[in-house]
Amino acid sequence: MRLATYGIRFDLVNSLLKSCFYESCQLSSWARDLRYKCVGLLTSASKSSLDFLLPPRCLICSAATDRGGAYCPNCWKDLPLIERPFCEQLGIPFVHHMGAGALSPKAISDPPLFARSRSATLFSGSARECVHKLKYGRRRELAKPMAEMMVRAGKDILQERSIIIPVPLHWTRLVERRFNQAADLANEIAAYTGYPIEISGLQRTRRTQNQVGLTGKERAKNVRGAFRVKAASAPVISSQRVLLVDDVFTTGSTVRTCVRALLSAGASSVDVLTFSMADTTANQTNLP
Ligand SMILES: [Zn+2]
């Protein structure tokens, strides 16, 4: 029973929850949500009681932690954080310091349409776990701590006010998944920064094939022309800086198509902020 991993100590509580006729996965999700919703409402004394009833657990592996909404030391150690030095435009980490404002060979040979891109982590280890749990495991409470890391990683590109826009899902996929992980991250980033958000500023005009397993060229072809700016959002972004938010920056095909649509609609510039960056030099058929 997955509930055990989230620290419900009392069989009584467990039985009570079971009696609500939820399926086990919905139930564990409910218990997890309950903990996170309660924490914001309780006094410190009440929080101690809550910690006793629902002990805080690592967001990734469910090991016991000192406080809620945190990673255990092992998972934290396994988070491949991206730190300077990195390419000023693409945010790709450098092995050695290359001097202030240095650009990677990739940025020089194939300049992107966006101004700057930042990612909090490489797409491996605990970071991959986080993305998968949020996206496929419906662990939506992960969006907040992941967004915190993104805000830290994007400190320089968040200096000036931008309009925050998430990479959208096609509406049919949104119905299937019931939430857009990029929109969850964008909402949290908007809450941290106080910047405006156009949650449906971009729209997917057609349902594209899942990008997982496609090579860079196949991905580019798959998403070509698949995004447009919603008519009502065009005046809002006109002559404004935009921050495009997604969970993973893979080959850049999706980002490139979104940025092209935003610039065509009148955005003055676009920066990109993602939680993870995939190593695209690795196996091209094994991209996230
Ligand atoms: Zn852990």
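**A parallel sheet and its helices**

Visitor: How many bridges join strand E5 to strand E6?
Guide: In this predicted model, strand E5 covers residues 241-249 and strand E6 covers residues 269-277. The two run parallel, and the number of bridges joining them is eight.

Visitor: Which residue in E6 stands opposite aspartate 246?
Guide: Strand E5 spans residues 241-249 and runs parallel to E6. Opposite aspartate 246, in E6, stands threonine 274.

Visitor: Why is one side of strand E1 and of strand E2 left without a neighbour in the sheet, and where do these strands stand?
Guide: The sheet is open, with four strands in the order E1-E6-E5-E2 and parallel pairing. E1 (117-122) and E2 (163-166) each have a single partner strand, so one side of each lacks a neighbour in the sheet; both stand at the edges.

Visitor: By how many degrees are neighbouring strands of this sheet turned against each other on average?
Guide: The strands in question follow the order E1-E6-E5-E2. With direction ignored, the average turn between neighbours is 20°.

Visitor: At what angle to E5 does helix H12 run?
Guide: Helix H6 (residues 125-135) lies across E1, E5 and E6 and runs at about 100° to E5. Helix H12 (residues 253-264) lies across E5 and E6, and its angle to E5 is about 165°.

Visitor: What arc around the axis of H7 do its buried residues cover?
Guide: Helix H7 (residues 143-153) has Ala143, Met146, Ala147, Met149, Met150 and Ala153 buried. They lie on the same side of H7 because their arc around the axis is only 160°.

Visitor: What covers the buried residues of H7?
Guide: The buried residues include Met146 and Met150. Their cover includes E1, H6, helix H9 (181-193) and E6.

Conventions
Residues numbered from 1 in each chain as written. Predicted model: local features only at pLDDT ≥ 70, side-chain atom pairs only at ≥ 80, totals over all residues. Pairing = 2+ DSSP bridges. Axes fitted to C-alpha atoms, helices over the stretch in contact; angles between N-to-C directions. Contact = placed C-beta atoms within 7 Å. Buried ≥ 20, exposed ≤ 12 C-beta atoms within 10 Å, placed from the backbone. Arc of directions from axis to C-beta.
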